[in-house]
Amino acid sequence: MKRKKDFSELPVLMTKVAEQELIQLDRRVLECNVMYLPQLGYLLENSFLPIYKRNQMFMHWETWNFKFRNNSKLYYKSNYTKELDRLLGDTQSEICDHESGIMHSLQNTILQHVSVLLKALNFAAEIDCFISISSFSKDNNLVFPRFVNDKIIKKKKKQNNQ
C-alpha cells in the first residue's frame, strides 16, 4: 500500500525535483522535467537550446551526466535523479509485480479448492431454480400435483396459463 501512495505522489515529487534543478541551472535553460524510463530510471529532460546546435555541443554541467538525445530533447542524470532511483526505484514495476503475486496466489488457492467451489456453485444454481419455480407457482396460483396409487385421474380444478 505504501508503494501505491508513493506512486500517486510521484508527479508532485518529480515537479519539485525539476524546480530544484532549474534553480541551479544556466538562465538560458527555461524548463526541465523529471521523467521515469524503465531500465534507465529517473532522468532530467530539457530542450536542446539553439545556441548549442551550432557547435553540436551537448550541455554538460558539473552535477548532470548526459545520457542521450532524442530529437530536440536531452536527457541527463543528476544527483537528485540518482537519489530518486535509490529511494524509489521502479515503483510501478514493483507494484505490478506485487499485484501479480497476489493474483497468482489467489488463483492457486482457487484451483486447490475448485471441487468444493463447483459443488457450492451447483448447489446455489439448484436453490435458484427451486426459488424461481416456487415464486412462479405462487404468483400464478399453481399447486403441486398430488399423486395417488389409484389408476383413476380426478380433476378438481383446471388451470390454463395460456
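In this predicted model, D85 forms a salt bridge with K77, and the closest N and O atoms sit 2.1 Å apart. The two partners differ in how much of them is open to solvent. D85 is partly exposed, at a relative accessible area of 25%, whereas K77 counts as buried because its relative accessibility is 8%, and the cut-off for buried is under 20%. A search of the whole structure turns up two salt bridges. Besides the D85 pair, there is one between R86 and E83, with the closest N and O atoms 2.6 Å apart. R86 and E83 are three residues apart in helix α3 (residues 79-88), so about one helical turn separates them. R86 is exposed, with 59% relative accessible area, while E83, at 33%, falls in the partly exposed class.

Stepping back to the overall layout, the chain has five helices and four strands. Followed along the sequence, these elements come in the order α-β-β-α-β-β-α-α-α. Of the 162 residues in the chain, 20% are buried. As for how far apart in sequence the contacting residues lie, 48% of the contacts between residues at least 6 apart join residues at least 24 apart.

The strands can be taken pair by pair. Strand β1 (residues 33-37) runs antiparallel to β2, and five bridges join the two. Within this pairing, M35 has L43 of β2 as its bridge partner, and Y36 stands opposite Y42 in β2. The two strands make a hairpin with three residues between them, and Q39 in that turn has a positive phi of about 75 degrees. Most residues other than glycine have a negative phi.

The second hairpin is built from β3 (residues 64-70) and β4 (residues 73-78), which pair in the antiparallel sense over six bridges. Here F68 finds its bridge partner in Y75 of β4. Two residues lie between the strands of this hairpin, and N71 takes a positive phi near 55 degrees. Strands β2 and β4 also pair with each other, again in the antiparallel sense, over four bridges. In this case S47 is bridged to K73 in β4.

A positive phi also turns up away from the strands. N141 has a phi of about 55 degrees although it is not a glycine. This residue lies in the segment after α5 (114-139), and its relative accessibility of 64% places it among exposed residues.

Strand β2 is worth a look of its own. Six of its seven residues are buried, so this strand is largely enclosed by the rest of the structure. One residue of the strand is E45, a charged side chain that is buried yet has no salt bridge. The nearest side chain of opposite charge belongs to K73, which is 4.6 Å away from E45; that pair does not qualify as a salt bridge because the cut-off is 4 Å. What E45 does have is a polar contact of 2.9 Å between its side chain and that of Y75. Leaving aside neighbours within four places in sequence, the residues in contact with E45 are C32, N33, M35, K73, L74 and Y75. Two of these names have already come up in the strand pairings: Y75 is the bridge partner of F68, and K73 is the bridge partner of S47.

Which residues make up the largest nonpolar core? This core has 12 residues, namely M14, V17, A18, C32, V34, Y42, L44, W64, L74, Y76, L84 and L88. The elements giving two or more residues to the core are α1 (2-23), β2 (41-47), β4 and α3. Helix α1 supplies the largest share, three residues. In soluble globular proteins, nonpolar side chains tend to be buried together. Several parts of the picture meet in this core: Y42, the residue that Y36 stands opposite, is one of its members, and so is L74, which is also among the contacts of E45. Helix α3, which holds both R86 and E83, is likewise one of the contributing elements.

How values were computed. Residues are numbered from 1 along each chain as its sequence is written. This is a predicted model: local features need pLDDT of at least 70, side-chain atom pairs count only at pLDDT 80 or more; totals for chains, interfaces and linings use all residues. Side-chain values use heavy atoms; hydrogens and water are left out. Two strands pair if DSSP finds at least two bridges between them. Buried means under 20% relative accessible area, exposed over 50%, partly exposed in between (1.4 Å probe, protein chains only). A nonpolar core is a set of buried Ala, Val, Leu, Ile, Met, Phe, Trp, Tyr and Cys residues joined through side-chain atoms within 4.5 Å. Lys and Arg count as positive and Asp and Glu as negative; His and the chain ends are not counted. A polar contact is a pair of N or O atoms within 3.5 Å; within protein, one must be able to donate a hydrogen and the other to accept it, and residues adjacent in sequence count only if both atoms are side-chain atoms. Contact means heavy atoms within 4.5 Å.
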